[in-house]
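The following note was prepared for a colleague who wishes to review the architecture and the principal pocket of this model. The points are numbered for ease of reply.

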Amino acid sequence: MKLLVLTSGGDAPGMNMVLYLLYKEFGKNLYACRAGFKGLINNDILPISEFKPQKYARCAGSCIKCSRCPEFKEEKWFKIALENAKKFDVVIVMGGNGSYKGCQDLHRNGVRTIFIPSTIDNDVTVSDYSIGFHTAVNACQEMIENIMPTMEAFDRCCVFETMGRNSEKIAKCTATSQLCDYLIASKDDIDYPKIAEIVKNNHQLGHSSCIVMKEKLMKQSTFISSLQKLVPEVEIRGTVIGYVQRGSKPTIIELEYAKFFAKLIIKVLCTKDYSAAIVYKNGKFDILYQKDEEIISCNREKLEKKIKKQNID
Ligand code: F6P
């Protein structure tokens, strides 16, 4: 079986562990596209061993490189990518929601695909977890824990901006840190008088304040200057947490999740010949097999078999 893997969109800590485990299992039969769908269009495909996955297993990033590839949605480029994809028995796609859609397009056009949710944003509709999310939240909380002591020394207020694109999940989970005083996960949460009251009270008690804000809601500097007008007595600072969310070393839990995802890819490849997505749903790993347009959950399949058996018995 000739397999192809690619990592698409933003890289996510844990991707490299999956790549290494697939390499360990499939060796010479596994090829990699350099830089996601872009590599598929350019036919930039090499045996994965060329990218030395064994060297990077426990590191963040993606040793086979990532890219954002809007061209993939254009018919002209998609056709070329499809031709290259068809040279393989299976194409394994790791990425976020956009990459899932791209993967579905390949499947609909006759390519057998396996999708693994991998993005710090955790925004893949079919899965409750995507590789990279735990590490990203951990990096945010660590940053807060390392910055707040100096804020506390001056009774200052600090506004932390998290990543997540359109998803509130990183901000929400980061704000579960005991140090967070206020969460701005959506525009509706920007209630200046309410936030000023919290900051003022903390200051009067001789304490700092910590505000967590999701990216892309408004410019951090604009938010700070508006809040500052209501609490001139408090010094307000801002920190954009930034790329440590993607570049941090995967947490142990992340690596464990990555191992489960990899194990299930191997299981799918060794047992069935459908396209599939490996997901984590309602506290369980699951395989969503795709028979043409219909998606069948492995857990559902098991349940149906059990019911059938009980009826017969
Ligand atoms: O998709 C992951 C992500 O890190 C988002 O959270 C963020 O908005 C975006 O990528 C940043 O993209 P870039 O690396 O292109 O700046």
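1. A pocket is here an open set of grid points where a 1.4 Å probe fits, with protein on both sides within 12 Å along at least five of seven lines. The model under review is predicted. Its largest pocket holds about 860 Å³ of space. Of the 39 residues that line this pocket, Gly 9, Gly 10, Arg 68, Gly 98 and Arg 165 are the closest to its centre.

2. Which elements supply at least two residues each to the lining of the largest pocket? They are helix H5 (97-108), strand S6 (157-162) and helix H10 (244-247). H5 gives the most, with six residues. By character, the lining divides into 18 polar, 12 charged and nine nonpolar residues.

3. The domain assignment of the protein gives domain 1, which comprises 3-132 + 250-309, and domain 2, which comprises 134-247. The lining of the largest pocket draws on each of these domains for at least three residues. The centres of the two domains, taken over C-alpha atoms, are separated by 34 Å. As to contact between them, 16 residues of domain 1 meet 13 residues of domain 2.

4. One sheet of the model is open and has eight strands in the order S3-S2-S1-S4-S5-S10-S11-S12, with mixed pairing. Its edge strands, each of which pairs on one side only, are strand S3 (45-47) and strand S12 (294-297). From one strand to the next, the twist averages 25°.

5. At the S3 end of that order, a colleague may wish to inspect the pairing in detail. Do strand S2 (residues 30-33) and S3 run parallel or antiparallel? The two strands run antiparallel and are joined by three bridges. Within this pairing, Ala 32 has Leu 46 in S3 as its bridge partner.

6. Helix H1 (residues 15-26) lies across strand S1 (3-7), S2 and strand S4 (90-95). The direction of H1 is at about 170° to that of S1.

7. A further open sheet has four strands in the order S7-S8-S6-S9, and its pairing is parallel. Strand S7 (182-184) and strand S9 (236-240) are the edge strands, each pairing on one side only. With direction ignored, neighbouring strands of this sheet are turned by 20° against each other on average.

8. How many bridges link S7 and strand S8 (residues 209-214)? There are three, and the two strands pair in the parallel sense. Ile 184 stands opposite Met 213 in S8.

9. Two helices that pack on the four-stranded sheet deserve mention. Helix H6 (residues 133-153) touches S6, S8 and S9, and its direction makes about 165° with that of S6. Helix H9 (residues 220-230) touches S6, S7, S8 and S9, and its direction makes about 165° with that of S9.

10. In returning to the pocket, the reviewer may consider its lining together with the sheets. S6 belongs to the four-stranded sheet and also supplies at least two residues of the lining of the largest pocket.

Key. Residues are numbered from 1 along each chain as its sequence is written. This is a predicted model: local features need pLDDT of at least 70, side-chain atom pairs count only at pLDDT 80 or more; totals for chains, interfaces and linings use all residues. Side-chain values use heavy atoms; hydrogens and water are left out. On a 1 Å grid over the protein atoms alone, a cavity is a set of points where a 1.4 Å probe fits but cannot get out, and a pocket is an open set with protein on both sides within 12 Å along at least five of seven lines; lining residues have an atom within 4 Å of a point. Grid points are joined across faces, edges and corners, and a volume is the space filled by probe spheres set on the points. Ala, Val, Leu, Ile, Met, Phe, Trp, Tyr, Cys and Pro count as nonpolar, Asp, Glu, Lys and Arg as charged, and the others, Gly among them, as polar. Domain bounds come from an automatic or database domain assignment. Two strands pair if DSSP finds at least two bridges between them. Axes are lines fitted to C-alpha atoms, for helices over the stretch in contact, and angles run from 0 to 180 degrees between N-to-C directions. Contact means heavy atoms within 4.5 Å.
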